[in-house]
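Subject: Structure for you to look at

Hello,

Here is the structure I said I would pass on. My notes on what was found follow below it.

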Amino acid sequence: MKLMYSRPILRDLSQGSRIAFVRQLRLKSQDEVAKELGIDSYTRRRTVTRYEKGDRNPLEKRARKIAEILDVNYQAIKVYDYKEPLE
């Protein structure tokens, strides 16, 4: 059986959309990211989903940890410069 991989689509330039894009690009699930963040099992998926939908924005400390988990520059997730994209 041949596995197919399609590149994720960046919906918009919001912080949540960038988190979802990089997470999918790194082939990680929401549960994996939440587990590495240390979020308990009850609210694990719900918290990451809210970040990705833009319902909530992570604090700086958590956004830095997400960037570390996803192996991407913090600025690419938290602050997007429309003139000079980082990645």
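Please keep in mind that this is a predicted model.

I looked mainly at helix α2, residues 30-37. The buried residues of α2 pack against three helices: α1 (15-25), α3 (44-53) and α4 (60-69). The residues concerned are Gln30, Val33, Ala34 and Leu37, which are buried in α2. Viewed down the axis of α2, these buried residues fall within an arc of 95°, so they line one face of the helix. The general background is that an α-helix has 3.6 residues a turn, so residues three or four places apart point the same way. Just after α2 comes glycine 38, with a positive phi of about 85°.

How do α2 and α3 lie relative to each other? Their axes come within 8 Å and cross at roughly 105°. Angles of 65 to 115 degrees count as roughly perpendicular, and α2 and α3 are therefore roughly perpendicular to each other. On the α2 side the contact is made by Gln30, Asp31, Ala34 and Lys35, and on the α3 side by Arg44, Arg45, Val48, Thr49 and Glu52. By type, the residues of this contact between α2 and α3 comprise 5 charged, 2 polar and 2 nonpolar.

As for the chain as a whole, it has 5 helices and 0 strands. Of its 87 residues, 34% count as buried. The chain exposes about 6400 Å², and carbon and sulfur atoms supply 49% of that area. Among contacts between residues at least 6 apart in sequence, 43% join residues at least 24 apart.

Regards

Definitions and conventions. Residues are numbered from 1 along each chain as its sequence is written. This is a predicted model: local features need pLDDT of at least 70, side-chain atom pairs count only at pLDDT 80 or more; totals for chains, interfaces and linings use all residues. Side-chain values use heavy atoms; hydrogens and water are left out. Buried means under 20% relative accessible area, exposed over 50%, partly exposed in between (1.4 Å probe, protein chains only). Helices (H or I, at least four residues) and strands (E, at least two) are DSSP runs, numbered from the N terminus. The arc is that of the directions from the helix axis to the C-beta atoms. Contact means heavy atoms within 4.5 Å. Accessible areas come from the Shrake-Rupley method with a 1.4 Å probe; for residues, only the protein chains shown count as cover. Axes are lines fitted to C-alpha atoms, for helices over the stretch in contact, and angles run from 0 to 180 degrees between N-to-C directions. Angles under 35 degrees count as roughly parallel, over 145 as roughly antiparallel, 65 to 115 as roughly perpendicular and the rest as oblique. Ala, Val, Leu, Ile, Met, Phe, Trp, Tyr, Cys and Pro count as nonpolar, Asp, Glu, Lys and Arg as charged, and the others, Gly among them, as polar.
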